Structures are given as structure tokens and as C-alpha cells.
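Visitor: Please take one part of this structure and look at it closely. I would like its surroundings as well.

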2 protein chains.
Amino acid sequence: MKAEIAVERLAALAQESRLAIFRCLVQEGPDGLCAGDIATRLKLTPATLSFHLKELSRAGLLKSRQEGRFIYYAPDFKAMNALLGYLTENCCGGASCGVGCTPASAEAAR
Amino acid sequence: MKAEIAVERLAALAQESRLAIFRCLVQEGPDGLCAGDIATRLKLTPATLSFHLKELSRAGLLKSRQEGRFIYYAPDFKAMNALLGYLTENCCGGASCGVGCTPASAEAAR
DNA sequence: CTTTTATTTCGACGATTATAAAAATATGAA
DNA sequence: TTCATATTTTTATAATCGTCGAAATAAAAG
């Protein structure tokens, strides 16, 4: 992955509302949620939500599909995984990183 | 890790110059580099570099130590690892994530 | 066709960010 | 002390960002 793309994806996630949206969608799984439900859960106005969904999509972190009047959004796990791989390399890829090459355990992350 | 902190760290890394600084420091290892050397390598003016170093430090991603007139900066691998753990949970923690819970291999990340 | 519902786009606003020249601070050398 | 070097802080400016009301678009229902 190019640094540019990593920056783009990091920037997409580096915002409270957007990280909340992404986490919400990850919890929900591959089927995703329609925009309205996300807006209700996170208490975002439609305009604001749409702005953030576009931002996450532009970064390649979301997939979307239309079903009638509803548009369902779901995480692009592959893209997120590629980002994690990039970060792992850039955190632990150096020969002198003493922490090891696997991300912290779930405990450490909480 | 709280979402707030994750956002702060993601934001710190979500900028071309700062990601380059961090990657440069990771490559260099725990001993770090002094500000001047970073500025030379990445061709940043002292003021701009200082701004970014402060930003990365504020997010807890850098450690620094003074040696004479020089200030050496090095990555805080533990902090970065905690961030990776947080993201891993939020990418693969959902029951329905089909990609598995380890970040992509080094190949996929390139 | 008209109405209702879901979502996006537009327009405006204040807030934050990235940059860098210039001044200030701090440390070591002469 | 005086000078030179390393880094930060200050100040200013242009650009980007997050938010939301209002209008526009799209799709289904009556």
C-alpha cells in the first residue's frame, strides 16, 4: 500500500463521528446498515452523516449497495485489513522494534 | 484504549509529513534521530518540523530525550502497538468479519 | 400523477490545520 | 561573556474541515 492511500484512510478514520460510524458498521457485519439507521443510532443529521459516509467511501473503507430507497453501507474489511498491514509494517517492520510484529492483544487495546 | 485517544493518534498519523516522520523514526529504531537530521532527510523547515513533532508527541506516539543541544525523537512503540490493537479489534472484532483477526501479511500491505 | 420517504447536494458558517518567516530560547564553544 | 548552533514559539495566512438548514434527487406507495 502506498503512503498516500494510508494517509487517506487514516484521515477518514481520524474523526470522532467517522470512527463511530465505522465501528458501528463493523459491529453490524457485512450486511451493513442503511444510512437512516446509522443516523438514528449515532444521532447525526442526514447531511452530516452523508458527508462522512462519502468521506469513508472515498477512502475505500466502505462498500454500499442500494435496496429500493435504502442505501446500505458496510465496511470493506479487505481495505481495513490492508491498512492494518501497512501500519504493522511501519510500527514493527524496523529491525530494532522490540515489541514484536503482532498487534497488541485485545487486553492491551482496551 | 478510548476512542478519543485512537482518534487523536490516527489524526497524528493522518498527514503526509507526519506519517513520513514516524516511518523514518521507526526505521531508525529506538535510539531515534535529532530534529535537525529529520528536517534534513525529509526537507522540512525547522518550524514546520517542530510543529509536527509536537503533534505526534501530543498524541503520545513519540518519546524524546535531550542530548546537549540536540533533541532526539523516537517512536513510542508501545503506544503505536496499542493503536494497532484498537484498530484490529474494530476491524475484526465483529463476529461476522470474514477476514480473520490478524492483520494482512506483509505482502498484502505493500 | 401526487405524495411520502430516504438520501444526497448545495450554501454558508465557524473552527481547525499546515505552512513558514521571524523572533525567542537554550545549549555548547571560543 | 560573546558567538554560533539547535530547536521552539510566535504570528500570520491560506486552505481544509465539520456541521447543519434548505433544496434537490431518487424511489416507492397511494
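Guide: What follows starts at one residue and works outward to the sheet, the core and the DNA.

This is a predicted model, in which local features need pLDDT of at least 70, side-chain atom pairs count only at pLDDT 80 or more, and totals for chains, interfaces and linings use all residues. Residues are numbered from 1 along each chain as its sequence is written, chains are lettered from A and ligands numbered from 1 in the order in which they are written, and side-chain values use heavy atoms, with hydrogens and water left out.

Start at Pro75(B). It is found in strand β3 (residues 70–75) of chain B. Strands are DSSP E runs of at least two residues, helices H or I runs of at least four, numbered from the N terminus. Pro75(B) counts as buried because its relative accessibility is 4%; buried means under 20% relative accessible area, exposed over 50%, partly exposed in between (1.4 Å probe, protein chains only).

Beyond neighbours within four places in sequence, Pro75(B) is in contact with Phe22(B), Leu25(B), Val26(B), Gly29(B), Leu61(B), Leu62(B) and Lys63(B). Contact means heavy atoms within 4.5 Å. Helix α2 (residues 16–28) of chain B lies across β1, β2 and β3 of chain B, at about 90° to β3(B). Axes here are lines fitted to C-alpha atoms, for helices over the stretch in contact, and angles run from 0 to 180 degrees between N-to-C directions.

Now the sheet. Three strands of chain B form an open sheet, ordered β1-β3-β2, with antiparallel pairing. β1 (33–34) and β2 (62–67) of chain B each have a single partner strand, so one side of each is left without a neighbour in the sheet. Two strands pair if DSSP finds at least two bridges between them. β1(B) and β3(B) have two bridges. Leu33(B) stands opposite Tyr73(B) in β3(B).

Leu61(B), a contact of Pro75(B), leads to the core. The largest nonpolar core has 64 residues, and Leu61(B) is among those with the most contacts inside it. Such a core is a set of buried Ala, Val, Leu, Ile, Met, Phe, Trp, Tyr and Cys residues joined through side-chain atoms within 4.5 Å.

β3 of chain B also supplies at least two residues of the surface near DNA strand D. Near means a heavy atom within 4 Å. Among the closest of the 22 surrounding residues are Arg69(B) and Tyr73(B). Sugar and phosphate account for 72% of the strand D atoms that come within 4 Å of the protein. A backbone N or O atom of Ile71(B) lies 3.4 Å from a phosphate oxygen of DNA strand D.

Conventions: Polar contact = N/O pair within 3.5 Å; in protein donor to acceptor, adjacent residues only side chain to side chain.
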